[in-house]
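Reader: Could you take me through one part of this model up close, and then show me how the neighbouring pieces and a few other spots are put together? I'm happy with plain talk, as long as you stick to particular residues.

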Amino acid sequence: MRFSSFYIPTLKETPADAEVVSHQLLVRAGMIRRLASGLYTYLPLGVRLLDKIAKVVREEMNAAGFNEILMPMVQPGDLWRESGRWEKYGKELLRFRDRNERDYCLGPTHEEVVTDLARDEIRSYRQLPLRVYQIQTKFRDEIRPRFGLMRGREFVMKDAYSFDASIPDAEKSYQVMYEAYKRVFGRLGLKFRPVEADTGSIGGSFSHEFMVLADTGEDTIAVCADCGYAANLERAEIAAPKASEPSQCPPVARVATPGAHTVEQVTAMLGKSPKELVKTMLFVADGKPVAALVRGDREVNEIKLGKFLNADKIELAGREIVERCTGAPVGFAGPVGLDIPIYADNELACASGYVTGANEGDAHLVNVDLKRDCEIAAWGDLRQISETDRCPRCGGAIGLTRGIEVGHVFMLGTKYSEAMGATFLDEQGEEKPMIQGCYGIGVSRIGAAAIEQNHDRAGIVFPPQISPFSCILLNLDPGKPEVAEAAERIYKDLLDSGEEVLLDDRSERPGVKFNDADLLGFPMQLVLGGKGLARGVVETKDRRTGEKGELPLANFMPAFTEWKQKVLAGWERQQA
């Protein structure tokens, strides 16, 4: 491919609306352009990047025994009503009506559609397992699209689905896909980690996310260096505290705390530490107010709380609900005398003599024993993990790091098959619901995540596996016939050998070509100018290391092959 005939509109300046490195570089490298909030047009280089990623994904899905299909992006609302998600999914589901006033949506995922397919096709256990996948555009009406391709509204996704006759068989399908994902991300040259995850709006019994490790990641991951346990912040378990009998404390006493309604203000006024204070947080769970208690230096984990309460919807209570339930302004809620269900984090059972809100303005209570003075409905793991906690598996130290979710595997069980009547006849002739799994990979997000991991001040540093071109050949003197002829000869030899090469044949200054080559980030750079031609050499640059060298024109292809192997070996060592 020739630069002069290939549309690559590179930019010198960083776009003002690009917040993260991948967004900045994808725009500057001429790979994407913004159409509207969260919507992007993929330009030729961007399409090549997507194709490289999709090729690896397809190969591994096919090798894992999944068959490729393609389902409609537009989905009937009736299917979503059958599954129960039409109302529950939320505003991310873009709903609309056709000319006949029938409800439809743009697919954010395809559990309903594929379950409808399976129930129409599958009759007997002999037809199972059914394993299918697609690579297709999805749409989720994100409340705040940001970070370019990492949090867009429209995106390219690989979604796969398995249908099995039994739980053990379904677990085998899950494991097959789990291992396939590890191969996919390994082949794509990514540093990644599988972590235990919440099932979210997809549902199911358990799931794993595959996280690309990057400082700019939106997600926080808890990792144990000793045993390898890893989970996202929403899911990370906290080891149950050792049982202890709290010491006896004096009776509850009311103290004035004028104007003190934050943990910092209250503890400073009373000379206490945050560990001695109980935060009383009010939530609305499926329309009913509840209170969650955690230590003053901790945070309630809403996902855990929702799971603990088996609630479909949970959200922080607004000011009006807080004041109605407590009789006090926000910041003075407390569990003593509170007439709504109260749930306390396990950690609070290990001590007494706490400071709590008094359910009246400008006042708190001291000497509170939660077991003695409150009606606790239940105790549980309700808080977010921190680096002061120990690993729930081995007791080792926990570290927190950042990651970008690029893949997610779910064990759905019978969530959709029971709701939608996707059944089969087993060996005894009994009707049973199919056991399902679903598995997603963010194809377009992988491109952004790879750049977050692989860039420098000059631009992108593409791993060879996903680079739109393997090398770029810079003709520094296209106006000189002898240089142009030599460059064309090298270009043809590279193409004939199967190399994906971009020939920069533009009439631009050498500085512009060097800067664009670094910005685009292809692994290998070849440079030919009048001076090099006179000396009989082609200059080289390894984009990853910046190491420069020379190859002889007279014996170019064998020398290039040897140099290429060296470049690729360096990438393999880095990724190992």
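Author: Let's start with helix 9, residues 319-326, which lies across strand 14 and strand 15 and runs at about 115° to strand 14. Keep in mind as we go that this is a predicted model.

The sheet under that helix is an open one of five strands, in the order 16-14-15-17-20, with mixed pairing. Strand 16 and strand 20 (378-380) stand at the edges with a single partner strand each, so one side of each has no neighbour in the sheet. On average, neighbouring strands here are turned by 35° against each other, direction ignored. At the strand 16 edge, strand 14 and strand 16 pair in the antiparallel sense over three bridges. If you want a spot to click on, Phe 283 stands opposite Leu 316 in strand 16.

Helix 8, residues 302-309, belongs in this picture too, and its buried residues are Lys 304, Leu 305 and Gly 306. What do these buried residues pack against? They pack against strand 14 (278-285), strand 15 (288-295) and strand 16 (314-316). So strand 14 and strand 15 turn up in the surroundings of both helices: the buried residues of helix 8 pack against them, and helix 9 lies across them. The ends of helix 8 are worth a look as well. Asn 301 caps the N-terminal end, with a side-chain oxygen 3.0 Å from the backbone nitrogen of Ile 303. After the helix comes Asn 310, whose phi is positive, near 55°.

Now compare that with another open sheet of five strands, which has the order 28-27-29-30-31 and again mixed pairing. Its edges are strand 28 (501-504) and strand 31, each with a single partner strand, so one side of each is left without a neighbour in the sheet. The average turn between neighbouring strands of this sheet is 25°, direction ignored. Strand 29 (residues 524-528) and strand 30 run antiparallel and are joined by four bridges; Met 524 has Asp 542 in strand 30 as its bridge partner. On the way to the edge, strand 30 (residues 537-542) and strand 31 (residues 548-552) run antiparallel with five bridges between them. Lys 541 stands opposite Lys 548 in strand 31. The hairpin of these two strands has five residues between them, and there Gly 546 takes a positive phi near 80°.

Helices lie across this sheet as well. Helix 13 (residues 481-496) lies across strand 27, strand 28, strand 29 and strand 30, at about 165° to strand 27. Helix 16 (residues 556-575) lies across strand 29, strand 30 and strand 31, at about 145° to strand 29.

On to the rings: the structure holds 15 aromatic pairs. One of them is Phe 6 with Phe 469, whose ring centres are 5.7 Å apart with planes at 80°, so the pair is edge-to-face. This pair links distant parts of the chain, 463 residues apart: Phe 6 is in the segment before helix 1 (21-28), while Phe 469 is in the loop between strand 26 (459-460) and strand 27 (471-475). Both Phe 6 and Phe 469 are buried. For a charge over a ring, look at Arg 506, which lies over the face of Phe 3 at 3.7 Å from the ring centre.

Elsewhere, ring pairs link Tyr 178, Tyr 181, Phe 185, Phe 192 and Phe 210 into a cluster. One of those residues, Tyr 178, is also among the contacts of His 208, together with Tyr 174, Val 195 and Gly 407 among others. His 208 lies in strand 10 (residues 206-213). Is His 208 buried or exposed? Its relative accessible area is 18%, so His 208 counts as buried, since the cut-off is under 20%. The side chain of His 208 makes a polar contact with the side chain of Tyr 174 at 2.7 Å.

One last stop is Ser 83, in helix 3 (residues 77-83). Ser 83 is buried too, at a relative accessible area of 12%. The Ser 83 side chain makes a polar contact with the side chain of Glu 112 (2.6 Å) and reaches the backbone nitrogen of Arg 85 at 3.4 Å. Leaving aside neighbours within four places in sequence, Ser 83 is in contact with Glu 112, Tyr 416, Ala 419 and Met 420. Tyr 416 has company of its own: the charged end of Lys 415 sits over the Tyr 416 ring, 5.4 Å from its centre.

Conventions
Residues numbered from 1 in each chain as written. Predicted model: local features only at pLDDT ≥ 70, side-chain atom pairs only at ≥ 80, totals over all residues. Heavy atoms only, no water. Buried < 20%, exposed > 50% of the residue type's maximum accessible area, 1.4 Å probe, protein only. Contact = heavy atoms within 4.5 Å. Polar contact = N/O pair within 3.5 Å; in protein donor to acceptor, adjacent residues only side chain to side chain. Pairing = 2+ DSSP bridges. Phe/Tyr/Trp six-rings, centres within 6.5 Å; stacked < 30°, edge-to-face > 60°. Lys NZ or Arg CZ within 6 Å of the ring centre and 35° of its normal. Axes fitted to C-alpha atoms, helices over the stretch in contact; angles between N-to-C directions.
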